[in-house]
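The following exercises concern salt bridges and strand pairing. Please study the sequence and the structure before reading each solution.

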Amino acid sequence: MLDMKPMKTNEINRIKSDRQIPLSIIDIFYEILGNMKGKLIDIRIENNILKTFTDDDGFNNDDKKAIFEKNCSGDNNKTAGLNGHGIKLSIDRLLPNDNLSTVYSIRGDNVEKCNIGHFEYNEWVSVNNFEGIFDGKEKVSHGSYFEIPLNDDYKDEINEK
């Protein structure tokens, strides 16, 4: 038997290829909504930032790993998640070139955040003074919260539709 090895991926060309996949604003919202599994889902735009919240249980360890890895899903029970790549594509499309999204995992007093965007990320860090979501107006005990700055093209398209 031959000694076979898995092929490697040229990430720069993979990203170029990913950015050629057509995604409408409707596709992007389906990707965002398809990943939410709480009973409460809130999506709004404030100051050109798309803010999404669902009152799920926040990010477990599998979810935390999956948000950083292409083609990897975390706990997608009760979601439409298939391979975990669509949400990363969607965030990449929405963001201005010089911005990142902020993702919060809220699990009681344990609030953590990370930044993702343009197929890059930073590690999860604890948040000591979490003021609440949506400009600090609403306190929640558990959930997943995203803040995604909008680039001008998608901001205009969302406003038109």
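Glu 69 is partly exposed, with a relative accessible area of 33%; in this scale, buried means under 20% relative accessible area, exposed over 50%, and partly exposed in between, computed with a 1.4 Å probe on protein chains only. The model is predicted, so local features need pLDDT of at least 70 and side-chain atom pairs count only at pLDDT 80 or more, while totals for chains, interfaces and linings use all residues. Residues are numbered from 1 along each chain as its sequence is written, and side-chain values use heavy atoms, with hydrogens and water left out.

**Exercise 1.** Determine which side chain meets Glu 69 in a salt bridge.

Solution. Step one is the criterion: a salt bridge is a side-chain nitrogen of Lys or Arg within 4 Å of a carboxyl oxygen of Asp or Glu. Step two is the partner: Lys 65 meets Glu 69 at 3.2 Å, N to O. Step three is the setting: Lys 65 is partly exposed, with a relative accessible area of 48%.

**Exercise 2.** Identify the residues that salt bridges with shared partners join into one network.

Solution. The network consists of Asp 42, Arg 44, Glu 46 and Lys 51. Begin with Arg 44, which is partly exposed at 24% relative accessible area. Its salt bridge with Asp 42 brings the closest N and O atoms to 2.7 Å apart. Asp 42 is buried, at 17%. Arg 44 also forms a salt bridge with Glu 46, where the closest N and O atoms are 3.7 Å apart. Glu 46 is buried as well, at 15%. In the whole structure, a search finds 8 salt bridges.

**Exercise 3.** Establish which strands pair with strand 7, and explain why strand 7 is described as largely enclosed.

Solution. First, recall the terms: helices (H or I, at least four residues) and strands (E, at least two) are DSSP runs numbered from the N terminus, and two strands pair if DSSP finds at least two bridges between them. Next, strand 2 (residues 49–54) runs antiparallel to strand 7 and is joined to it by 6 bridges. Within this pair, Thr 54 stands opposite Ser 144 of strand 7. Strand 3 (residues 101–107) also pairs with strand 7 in the antiparallel sense, over 6 bridges. Here Ile 106 has Gly 143 as its bridge partner in strand 7. Finally, strand 7 (residues 142–149) has 6 of its 8 residues buried, so the rest of the structure largely encloses it.
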